[in-house]
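Biologist: Please take a close look at one part for me, the ligand site. Tell me what surrounds the ligand, then work outwards from there.

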Amino acid sequence: MMTRVPIIAGNWKMHCTRAEAQALVAALTPSILGAAGREVIVAPPFTALDTVARAIAGTPIQLAAQNLYWEPKGAFTGEVSAAMLRDVGCVAVIVGHSERRQYFGETDETVNRKIRTCIEAELVPIVCVGEILSERDRGETAAVVEKQLRGAWSGLDRDAITKCVVAYEPVWAIGTGRTATPAQAQEVHALIRRLTTTLASADVAGNLRILYGGSVKANNVDGLMAEVDVDGALVGGASLQADEFARIVNFEPLS
Ligand code: PGA
């Protein structure tokens, strides 16, 4: 029997000054301290990482960044390296979020380079995949997710894939209030796990944590977490409200 510790991760996107970040963490911490058997991650913008790192010190909350660049240093204006993220206390990085693919030219190839960089630096890549609405409507969800995952993991061995977390985020569900149903999420999560068996091994697939993202809220998390292949959530909008996020962290899977 595989036991995968669920992960609830908050992607704050381009929100929160340092003062706002500090207030959010302070409001969140008490209700998270009691949540056993789950990992909690927050991903503030770069400018608030240091503030949040200090605020979560001594709590079980872990720190992630929303992006990184693959070069270790140099003339790359505006970019941030893995070593810089390690230095500020990050343990994970969101890689290939659909907003980065859509607005900032992220491709399967750049996602692959960033994942390799994370693994070398011992940062956990939270690798995002997911189809847009027209792809779902055309019945292409499985093909799109497979292409993204194969691209993301291209050239990676089993050992490297073991170090990844995957987030399935149907783009039509992100920020729209239109969540995938638990059954829709489960179908794609099961596909990702099967594909991982092919690309790595049954063992790696059995241990891989696959998060669902896209309008996860306090009122739908319990249904999603009841699905056998849903191992957590990547939460955008609802992670900016302390009470909402705390309830998501304290999910109770429907039986
Ligand atoms: P959302 O965002 O929860 O606001 O839909 C999820 C995400 O983009 O990770």
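Modeller: What follows starts at the ligand and then moves to the pocket, the cavity and two further residues.

This is a predicted model. The ligand has 13 residues around it. The closest are Lys13, His97, Glu169, Gly175 and Ser215.

Begin with the polar contacts. The side chain of Glu169 places an N or O atom 2.6 Å from an oxygen atom of the ligand. Gly175 works through its backbone: one of its backbone N or O atoms is 2.6 Å from a ligand oxygen. Gly236 also uses a polar backbone atom, and that atom lies 2.8 Å from an oxygen atom of the ligand.

Now take Lys13, one of the closest residues to the ligand. Lys13 sits in the loop that runs between β1 (7–11) and α1 (18–33). Its backbone deserves a look. Lys13 is not a glycine, yet its phi is positive, at about 50°.

Ser215 is also among the closest residues to the ligand. Its loop is the one between β7 (209–213) and α11 (221–225). Here too phi is positive in a residue other than glycine, with a value near 55°. Is Ser215 buried or exposed? Ser215 has a relative accessibility of 8%, so it counts as buried. The cut-off for buried is under 20%.

Next, the largest pocket. It holds about 470 Å³ of space. Its lining has 18 residues, and those closest to its centre are Lys13, Met14, Gln66, Arg100 and Phe104. Lys13 therefore appears on two lists, as a residue close to the pocket centre and as one of the closest to the ligand, with the 4 Å limit defining what is near a molecule. By type, the pocket lining splits into eight nonpolar, six polar and four charged residues.

The cavity is a separate item. Searching the whole structure for cavities of 30 Å³ or more gives one. The largest cavity has about 40 Å³ of space. Its lining consists of Gly96, His97, Ser98, Arg101, Cys128, Val129, Gly130, Glu169 and Val171. Two elements, α4 (98–103) and β5 (124–129), each give two or more residues to that lining. Three of the lining residues are nonpolar, four are polar and two are charged. Two names should be familiar. His97 and Glu169 line the cavity, and both are also among the residues closest to the ligand.

Now to Ser81. This residue is in the loop between β3 (62–65) and α3 (82–88). Ser81 is buried, because its relative accessible area is 6%. Beyond its neighbours within four places in sequence, Ser81 is in contact with Tyr69, Glu71 and Pro72. The Ser81 side chain also reaches the backbone nitrogen of Met84, at 3.2 Å. Thr117 is 36 residues away from Ser81 along the chain, but their C-alpha atoms are separated by 9.0 Å.

Finish with Thr110. Thr110 is part of helix α5 (residues 108–120). Its relative accessible area is 17%, so Thr110 is buried too. The side chain of Thr110 makes a polar contact of 2.7 Å with the side chain of Glu106.

To recap the ligand site: Glu169 offers a side-chain atom to a ligand oxygen, while Gly175 and Gly236 each offer a backbone atom.

Terms used
Residues numbered from 1 in each chain as written. Predicted model: local features only at pLDDT ≥ 70, side-chain atom pairs only at ≥ 80, totals over all residues. Heavy atoms only, no water. Helix = DSSP H or I, 4+ residues; strand = E, 2+ residues; numbered from the N terminus. Buried < 20%, exposed > 50% of the residue type's maximum accessible area, 1.4 Å probe, protein only. 1 Å grid on protein atoms, 1.4 Å probe; cavity = no way out; pocket = protein on both sides within 12 Å on 5 of 7 lines; lining within 4 Å. Points joined across faces, edges and corners; volume = space filled by probe spheres on them. Nonpolar A, V, L, I, M, F, W, Y, C, P; charged D, E, K, R; others polar. Contact = heavy atoms within 4.5 Å. Polar contact = N/O pair within 3.5 Å; in protein donor to acceptor, adjacent residues only side chain to side chain.
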